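Reader: I have a model open and a few labels I'd like to see justified. Could you walk me through them?

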Amino acid sequence: MQRLISVLKQDNVDLELIMLIRSILAASKEIAFRVSQGALGDVLGSTLMQNVQGETQKQLDVISNDLLKDLLLNDDSVRAIASEEEDDVVAGNPNGRFNVAFDPLDGSSNIDINGQIGTIFTIYATRPEFPADSPEQFLQKGREQLVAGYVLYGPSTMLVMSTGGPTRGYTLDLTHGGYLLTTPTMSIPTHSNEFAINMANYQFWAPDIQAYFKDKFLVQTEEAAGTMRWNAAMVGDVHRVLTRGGVFYYPQDVRPGHENGKIRLLYEANPMAMLVENANGRAVVNQESVLDLTPSELHQRVPILLGSTELVTEVCAAQL
């Protein structure tokens, strides 16, 4: 099996970008260790703080954010970072070539039950016309991403990443501490009837979305029957979609604060959309490609549908 660095060199990835990826993954290894310790490491439970999203932070949220922040700000190639857990952009080296955005611990509600969680990250080129601490550094279309990836902390620690080419899967080898290539090219099956969707929100959806999923799950006709899979962690649900097909869907709804969906465009939707498209899938926001959206703010939320091409098209067609 090939080591990560040799794969990146084979893919002609810029050397300074390779070193930056190594910084991110160094943090991921430390997070993986903290996660594996669980109650033994005294890292479970919530803090008394809320993040910019209004969510109560878990101890591991804060630890993971600090690990990534410290390592990235010590990397001279980083000009700016943006985190789901930070109110504002944090400036790094004024001469750095790259901006990094991340969700340090996606699915943190699963921490205390030993469920699936992960780290999502994306790298952009800097925008020299703006100050390092300006939100404008990150208001770039998803197609401008240089790298997108996530680390899934499960029975094994897995990295899924694209540097512009194929979406590849790696597994952390605890023997030597490096990521080894285990899936050279990920390709989402064209069609599937598996849905990662939170049916608890059914009553708040638009009537056309309700009608579609009523046929899929409640009526269960032979032609329409679907299977629901839901982890309450986007990183875990999208990993299943990348591995065996289906869709991940988080629509907008009528509740205050959910009119534009829940998923963050910068930290979650864009990197996941890049991974899905580069694995022969499709990712849309209101039937427009996620990667073609121009962000309007740092913590912008969007409704998102991504996964197997045929099934994404089917769901889109069912919407008015």
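Author: Here is a short back-and-forth on the overall form, the two sheets and the helices that pack on them.

Author: Keep in mind that this is a predicted model.

Reader: Okay, overall form to begin with. How do you know that the radius of gyration agrees with a compact globule?

Author: The rule is 2.2 Å times the number of residues to the power 0.38. With 320 residues that gives a value near 20 Å, and the protein has 19 Å, so the two agree. The C-alpha trace spans about 55 × 45 × 40 Å along its principal axes, and the protein holds seven helices and 18 strands.

Reader: On to the sheet with the order β12-β11-β13-β18-β15-β16. What makes β12 and β16 edge strands?

Author: That sheet is open, with six strands and mixed pairing. β12 (227–228) and β16 (288–289) each have a single partner strand, so one side of each is left without a neighbour in the sheet.

Reader: And how do you know that β13 and β18 pair?

Author: Pairing needs at least two bridges between the strands. β13 (residues 247–250) and β18 (residues 304–307) have four, in the antiparallel sense, so they count as a pair. One place to look is Phe248, whose bridge partner in β18 is Leu306.

Reader: Now the helices. Why are α5 and α6 called roughly parallel?

Author: Angles under 35 degrees count as roughly parallel. Helix α5 (residues 234–244) and α6 pack at about 15°, with axes 11 Å apart, and therefore the label is roughly parallel. The crossing of α5 past α6 is right-handed.

Reader: Which residues make that contact?

Author: From α5 come Met234, Val235, Val238 and Leu242, and they meet Glu268, Met272, Leu275 and Val276 in α6. By class, that is seven nonpolar, no polar and one charged residues.

Reader: What does α6 lie across in the six-stranded sheet?

Author: Helix α6 (residues 265–277) lies across β15 (282–285), β16 and β18, at about 25° to β18. Under 35 degrees is roughly parallel, so that is the label for α6 and β18.

Reader: α6 also lies across β6. What makes that arrangement roughly perpendicular?

Author: The range for roughly perpendicular is 65 to 115 degrees. α6 runs at about 80° to β6, so it falls in that range. Besides β6, α6 lies across β3, β5, β7 (147–153) and β8.

Reader: Which strands make up the eight-stranded sheet, and which stand at its edges?

Author: The order is β4-β3-β5-β6-β7-β8-β9-β10, an open sheet with mixed pairing. β4 (90–91) and β10 (178–183) are at the edges, because each has a single partner strand. Helix α3 (residues 59–73) packs on this sheet too, touching β3 (78–83), β4, β5 (98–106) and β6 (117–125). Its direction makes about 160° with that of β5; over 145 counts as roughly antiparallel, so α3 and β5 get that label.

Reader: How do you know that β9 pairs with both β8 and β10?

Author: Same cut-off of at least two bridges. β8 (residues 157–162) and β9 (residues 168–173) run antiparallel with four bridges, and β9 and β10 run antiparallel with five. Leu159 has Tyr170 in β9 as its bridge partner, while Asp173 stands opposite Gly178 in β10.

Reader: Where do the hairpins show a positive phi?

Author: Between β8 and β9, with five residues between the strands, Gly164 has a positive phi near 115°. Between β9 and β10, with four residues between the strands, Gly177 has one near 80°.

Definitions and conventions:
Residues are numbered from 1 along each chain as its sequence is written. This is a predicted model: local features need pLDDT of at least 70, side-chain atom pairs count only at pLDDT 80 or more; totals for chains, interfaces and linings use all residues. Side-chain values use heavy atoms; hydrogens and water are left out. Helices (H or I, at least four residues) and strands (E, at least two) are DSSP runs, numbered from the N terminus. Contact means heavy atoms within 4.5 Å. Axes are lines fitted to C-alpha atoms, for helices over the stretch in contact, and angles run from 0 to 180 degrees between N-to-C directions. A crossing is left-handed if the near helix is turned anticlockwise from the far one by less than a right angle, and right-handed if clockwise. Ala, Val, Leu, Ile, Met, Phe, Trp, Tyr, Cys and Pro count as nonpolar, Asp, Glu, Lys and Arg as charged, and the others, Gly among them, as polar.
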